[in-house]
Amino acid sequence: MSGALEILTARRIDSSYEVFSSGYFIGREALIAALKDFDGRGDKTTLRTEIERHFSLNSIDQIIPQIYQNKIDRTAIANLAPIVFDQAKQGDEHAEEIIRHSGRELGVLARAVAQKLNFMNEEIKVALIGSIFKQKDIL
């Protein structure tokens, strides 16, 4: 399902396609929250310490040059999604909001596909396929 939604409704961002319920989106949002915690633009989040631990960083700001040098790629960022789900289960507000946002966007994408295919007045079965849906109880 997620792949089909990506093909039909993906948004072009920085020369790549992104789906707002993807592991990459979730991981990227976690990085943003952690960096905002670091520089004081955002509230404290356990995502910061968990990401530092995950990448063996002394400080979250050390991740920036690693991303620019492609030492940490999109796959590595997508692999942060399980951390976000874990922290959401632990009650981290930033992690919870990232998951809520992702879930809302997935619903918006499904609706857009239904509209494009003229299925708005029909019952549609949706298959939850992909690693993100292993956490469907939270998403």
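**Loop conformations, nonpolar core and aromatic contacts**

Asn70 is located in the loop that connects α4 and α5, where helices are DSSP runs (H or I, at least four residues) numbered from the N terminus. The structure is a predicted model, in which local features need pLDDT of at least 70, side-chain atom pairs count only at pLDDT 80 or more, and totals for chains, interfaces and linings use all residues. Residues are numbered from 1 along each chain as its sequence is written, and side-chain values use heavy atoms, with hydrogens and water left out.

Although Asn70 is a residue other than glycine, its phi is positive, near 60 degrees. Asn70 is exposed, at 62% relative accessibility (exposed, over 50% relative accessible area; buried, under 20%; partly exposed, in between; 1.4 Å probe, protein chains only). A positive phi of about 55 degrees is also found at Ser56, not a glycine, in the loop between α3 and α4 (63–68). Ser56 is exposed, with a relative accessible area of 66%.

The largest nonpolar core (buried Ala, Val, Leu, Ile, Met, Phe, Trp, Tyr and Cys residues joined through side-chain atoms within 4.5 Å) contains 26 residues, of which Ile26, Leu47, Ile51, Phe55, Ile60, Ile63 and Val84 touch the most other members. Two or more residues each come from α2 (23–39), α3 (46–54), α5 (74–78), α6 (81–89) and α7 (93–116). The greatest contribution, 8 residues, is that of α2. Excluding residues up to four places away in sequence, Ile51 touches Ala30, Leu31, Ala34, Ile60, Ile63 and Leu80 (contact, heavy atoms within 4.5 Å).

The charged end of Arg74 sits over the ring of Tyr24, 3.8 Å from its centre (criterion: NZ of Lys or CZ of Arg within 6 Å of the ring centre and within 35 degrees of the ring normal).
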